[in-house]
Amino acid sequence: MNNTDNNWENFQNIWNKVRNFLQYDEMIDPSIFNNYIKNTYIYDIFENKCLIIVDSLFAKEILTKNITFKVKEILERIIQQNLQIEFLELNEAKKQKIYVEKDFVEFNKLQQIKKQFQFNNFVKGESNNDAYQAAFSITIELGRYWNPLFIYGNSGLGKTHLLHAIENEILTKYNNQKKVLYLSSEEFGRMVPEIIKQNINDIEKFKDSFNQYDVLLVDDIQFLANRSKTNEIFFHIFNSFVNKQKQIVITSDKHPDDLYGFEERNVSRFQSGLSVGIDSPDFETSLIILKEKIKSLNYDPSIFTEESLSFIALNFNSDVRKLEGALNRLIFYSILYIKPNHLIVLEDVMKAFKTSNTSLKEKLTIKKIKTIVSEYYNIPIKLLISTSRVKTITIARHVAMYLIKTLLNESYTKIGSEFGGKDHTTVMNAYNKIKKNIETNYEFKKNIERLSRECLKHN
């Protein structure tokens, strides 16, 4: 077997797609994914056989029995090749002279993941531009502009992406002459208690070990709350970096003012630099994120209609992970049920998210959409559903029909009955007119997007 570096990277890109699909498959229990699938990887594909390395013999048994056929089906769709799937426990692999050093493999996987996070592939929008600009500016002259830089926001909004982008930018800009340490607070929190068990000299050596670094990137500082001794050691390191004008960047799920479980003097140190927030992506940013993700998965963005992506951007934009998870679910559905290179349309999205769509319908109703449209155009609902052909009323009526079809996927017949018993072809023509206007009139398109967000906001 000749598992070269190029093959390794290619295999992991393929396997990442498979894992994404498995993660959002309703038939796979999340505990099975987290305990047995998450840490697997493809070692090799040769002679129509795919070897997948797992952590334990128990994991091998569980996965062989439960997901072999599903993995085979997904992999064959992706690489267009008939395959035999075999799960191998690490020690078994070594006995078969598949020499895999696990620590090296994990390190290699981590390095490949970190390299993916760059400033040039961070999707900017109103929700995150301040954080992006601040993060990039500190790489220009380390320790001078914002020190510490404190980036806060809910999980899944891109804070970790920015930390790794800072690391990659510094290593490139300074030709690896600057040493950067990325550290999760959870990892730091595990290390310190072990050090504290040792003698005082070990604690001092641990603190001094950070002196070799020029930049310290600390992710999710909130996990150090209410850990007094750990905090004491961390703030010794923190103060040393700031006093020596070495750059430090911290992320958190909360603004420093809202952090609890830290001494007041420590919180004030967080605030002494610059604090910038990241919010949930707006509609336009969500669309760009989806299109970038599609490209990164090596799919053709043109097979997704604008409506299909708009539905995801409007319904799953609370954070980037939900956006990506929704997209993965749709792609998984398309692999199983849509012919290759066929357009993925709104109807496909509705089928892929039938559970989510049911939930949406319970919250968003035809009546609410009518109300929002009538208020936007300042037209009474009874005129909206009348037979009036006044231009402004007709446009508003068509917009309401379009939104009901787009957001709730009601049938044309059902929509017609809600507007005074209009024929389904009348509703279809109204829908097509609005769709065409969206494609040719930018301002009109923005208005429709604004109304769509307003409808969903009322849920």
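This is a conversation between a biologist and a modeller about a predicted model and the terms used to describe it.

Biologist: What should I know about the model and its numbering before we start?

Modeller: The model is predicted, so local features need pLDDT of at least 70 and side-chain atom pairs count only at pLDDT 80 or more, while totals for chains, interfaces and linings use all residues. Residues are numbered from 1 along each chain as its sequence is written, and side-chain values use heavy atoms, with hydrogens and water left out.

Biologist: How many helices and strands does the protein chain have, and what makes a stretch count as one or the other?

Modeller: The protein chain has 23 helices and 8 strands. Both are DSSP runs numbered from the N terminus, a helix being H or I with at least four residues and a strand being E with at least two.

Biologist: Why is Gly156 called buried?

Modeller: Buried means under 20% relative accessible area, exposed means over 50%, and partly exposed lies in between, with a 1.4 Å probe and protein chains only. Gly156 has a relative accessible area of 8%, and therefore it counts as buried. Gly156 lies in the loop between β4 and α8, and, apart from residues up to four places away in sequence, it touches Asp319, Val320 and Arg321, where contact means heavy atoms within 4.5 Å.

Biologist: Where is Lys159 placed, and why does it count as buried?

Modeller: Lys159 is in helix α8, and its relative accessibility is 6%, so it counts as buried. When neighbours within four places in sequence are left aside, the contacts of Lys159 include Asp220, Thr251, Ser252 and Ile278.

Biologist: Which residues does the UniProt annotation "binding site" cover?

Modeller: According to the unreviewed UniProt entry, that annotation covers Gly156, Gly158, Lys159 and Thr160. UniProt positions are given here in the numbering of this model, feature names are shortened, and annotations may be inferred rather than shown by experiment.

Biologist: What makes the span of helix α8 agree with expectation?

Modeller: The expected span of a helix is 1.5 Å times one less than its number of residues. Helix α8, residues 159-173, has 15 residues and reaches 21 Å from its first C-alpha to its last, close to the 21 Å expected. Among the buried residues of α8 are His161, Leu162, Leu163 and Ile170, and just after α8 comes Asn175, with a positive phi of about 50°.

Biologist: Why is helix α20 described as largely enclosed?

Modeller: Of its 18 residues, 14 are buried, so α20 is largely enclosed by the rest of the structure. Its span also agrees with expectation, because the end C-alpha atoms of α20, residues 391-408, are 25 Å apart where 26 Å is expected. After α20 comes Asn409, whose phi is positive, near 55°.

Biologist: What makes strand β6 enclosed, and which residues cover its faces?

Modeller: In β6, residues 215-219, 5 of the 5 residues are buried, so this strand is largely enclosed by the rest of the structure. Val215, Leu217 and Asp219 lie on one side, Leu216 and Val218 on the other, and all are buried.

Biologist: How do you know that β6 pairs with its partners?

Modeller: Two strands pair if DSSP finds at least two bridges between them. There are 5 bridges joining β5 to β6, which run parallel, with Leu183 opposite Val218, and 4 bridges join β6 to β7, again running parallel, with Ile248 as the bridge partner of Leu216. Strand β4 is joined to β7 by 4 bridges and to β8 by 4 bridges, and Leu149 stands opposite Val249 in β7 and Leu274 in β8.

Biologist: Why is Gln222 called buried?

Modeller: Gln222 has 14% relative accessibility, and so it counts as buried. This residue lies in the loop between β6 and α11.

Biologist: What makes a group of residues a nonpolar core?

Modeller: The term means a set of buried Ala, Val, Leu, Ile, Met, Phe, Trp, Tyr and Cys residues joined through side-chain atoms within 4.5 Å. The largest such core has 90 residues, and Leu22, Ile42, Val71, Leu75, Phe304, Ile369 and Leu403 touch the most other members. A second, separate core of 27 residues includes Phe150, Leu183, Tyr213 and Val218.
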